[in-house]
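Q: Could you take a close look at one loop for me, and then follow its connections outward into the rest of the fold? I work at the bench, so a friendly walk from residue to residue would suit me best.

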Amino acid sequence: MKKLIAAILASLMVLSLAACGGGGGGDGKGSSGDMNVAMVTDSGDITDQSFNQTTYETAKKWSEANGVTFNYYKPEKDTDEARNAAIDQAVAAGANVILLPGYMFAASLVAQTNTYPDVKFIGLDVGEGDLCEKGVGEGYTYNPAEYNVGDYYNTANTYCATYQEEISGFMAGYAAVKLGYRHLGFLGGMSVPAVMRFGYGYVQGADKAAAELGCTGDVSVEFVYGNQFYGDADITAYMDTWYNAKDVEVVFACGGGIYTSAAEAAAKVGGKVIGVDSDQSSKINEYGADMTVTSAMKGLDATVNMILTAIKDGKWSEYAGKIDSLGMVSDDPGENYVQLPRATTQWADGLFTEDDYLALVKDIHGGKISISNDTTAMPSVGITVTEYGTIK
């Protein structure tokens, strides 16, 4: 019955969605053989300079290069029901591979993977805890080790990837202190595990660099969550206080579009910002020339290319049912799933150069530097960290 309803809805809506851009607009036209790829956006759009945009651009480019049909769908509302409806539309329109970027899609994987067993679902940044929380519901203990995550979704047609955010967060904090910044800020979106790992890694990186430079007592981090993944007037005002009254020099804006508030405040005083997820320098620098120190990146593009190529090559069975934690795989930064952007990071001779970054990557990959991914409490460090909870 659900498939019949979805098909009827699709026949009425898909053409209009394509015309307005919400349903894909015919991206990646081509004769695909068996693959028909769709992407659904979470709470943002394909211009968010974060998960949605990276996933969209990578999937579109891959599909065009491989002659595969590709469309994207933007839910009408920021709700699980709307995201599920967008998936229904994609399936009714012929999609058999669906990319779902972000932890918000855990509910959709729980609800939809058994409904559409012939569709391959790719959950980007969706982990065991996210799936258990939505699958178990009331009474969930927030310890996924106590549950069999496979009980709550169809593992046969689903692949999930999470990222070791603490590593790229560490790199960003380390670089900031090495580059001479002593008063840092962390503006997280929501206090979900992925954001927390970014933040706690950032603190550890700043602490490591301070210890190496012998300036531990001079380095401090202001730490807060906005409780949303977009900027607004209230968060900008909070950032104004940081950059002005507190003399914060650089803020790691970690939460999709929340960077706008940090950038607006930084622009007034010549402050700096660190981006997240993708290389956000092009957008952040619109607020002020050379505003972006670096970005703590996840390899969504590498993940999308990897899994779509595997499906095309008939290797889906090697990925189905897995929830991978992607991080360092090489001394070569470009091969890793967590990294800093080499082209736009503000390297400085005598402080932190690209060669210094390459050495850092080698030390992390080789195990010389250990980074905790524990999110139960703020890491114990020598630098001063002041936690403020949430702004809203």
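A: Let's begin with a yardstick: a residue counts as buried when its relative accessible area is under 20%, as exposed when that area is over 50%, and as partly exposed in between. Please keep in mind that this is a predicted model.

The part to look at is the loop between β7 and α8, where you will find Asn227. Asn227 has a relative accessibility of 36%, so it counts as partly exposed. Its backbone deserves a glance too: the phi of Asn227 is near 70°, a positive value in a residue that is not glycine.

Gln228 is found in this loop as well, between β7 (220-225) and α8. Is Gln228 buried or exposed? With a relative accessible area of 8%, Gln228 is buried. Once neighbours within four places in sequence are left aside, the contacts of Gln228 are Gly189, Met190, Ile235, Ile258 and Lys392.

One of those contacts, Ile235, leads us into helix α8. Ile235, Thr236, Met239, Asp240 and Tyr243 are the α8 residues that meet α9, and on the α9 side they meet Ser261, Ala262, Glu264, Ala265, Ala266, Lys268 and Val269. Sorted by class, this contact of α8 with α9 holds seven nonpolar, two polar and three charged residues. So Ile235 touches the loop residue Gln228 and also takes part in the meeting of α8 with α9.

How do the two helices lie against each other? Two packed helices are described by the angle between their axes and the distance between the axes. Here α8 (residues 233-243) and α9 (residues 259-269) pack at about 40°, and their axes are 8 Å apart. That angle makes α8 oblique to α9. The crossing of α8 past α9 is right-handed.

Another helix pair can be set beside this one. Helix α6 (residues 165-178) and helix α7 (residues 193-213) cross at roughly 35°, and their axes come within 6 Å. The crossing of α6 and α7 is right-handed. In their contact there are eleven nonpolar, six polar and six charged residues.

Now go back to the loop and step out on its other side, into β7. Strand β7 belongs to an open sheet of seven strands in the order β12-β10-β9-β8-β6-β7-β13, with mixed pairing. At the edges stand β12 (338-339) and β13 (384-390), each of which pairs on one side only. Strands of a sheet pair through backbone hydrogen bonds, either parallel or antiparallel. Within this sheet, β8 (residues 250-254) and β9 (residues 272-277) run parallel and are joined by three bridges. Val251 stands opposite Val273 in β9.

There is another open sheet, with six strands in the order β2-β1-β3-β4-β5-β11 and parallel pairing. Its edges are β2 (69-73) and β11 (323-326), each with a single partner strand, so one side of each has no neighbour in the sheet. On average, neighbouring strands here are turned by 20° against each other, with direction ignored. Strand β1 (residues 36-40) runs parallel to β2 and is joined to it by five bridges; the partner of Val37 in β2 is Phe70. Four bridges join β4 (residues 120-124) to β5, and these strands run parallel; Ile122 has Tyr159 of β5 as its bridge partner.

Strand β5 (residues 158-163) is mostly covered, with six of its six residues buried. In a regular strand the side chains alternate between the two faces of the sheet. In β5, Thr158, Cys160 and Thr162 point one way, while Tyr159, Ala161 and Tyr163 point the other way.

For a companion to Asn227, turn to the loop between α5 (128-136) and β5, where Tyr142 lies. Tyr142 is not a glycine, yet its phi is positive, at about 60°. Its relative accessibility of 59% is over 50%, so Tyr142 counts as exposed, whereas Asn227 at 36% counts as partly exposed.

That gives you the loop in its setting: partly exposed Asn227 and buried Gln228 in the stretch between β7 and α8, with Gln228 in contact with Ile235 and Ile235 meeting α9 from within α8.

Methods: Residues numbered from 1 in each chain as written. Predicted model: local features only at pLDDT ≥ 70, side-chain atom pairs only at ≥ 80, totals over all residues. Heavy atoms only, no water. Axes fitted to C-alpha atoms, helices over the stretch in contact; angles between N-to-C directions. Helix = DSSP H or I, 4+ residues; strand = E, 2+ residues; numbered from the N terminus. Parallel < 35°, antiparallel > 145°, perpendicular 65-115°, else oblique. Left-handed = near helix turned anticlockwise from the far one by under 90°. Contact = heavy atoms within 4.5 Å. Nonpolar A, V, L, I, M, F, W, Y, C, P; charged D, E, K, R; others polar. Pairing = 2+ DSSP bridges. Buried < 20%, exposed > 50% of the residue type's maximum accessible area, 1.4 Å probe, protein only.
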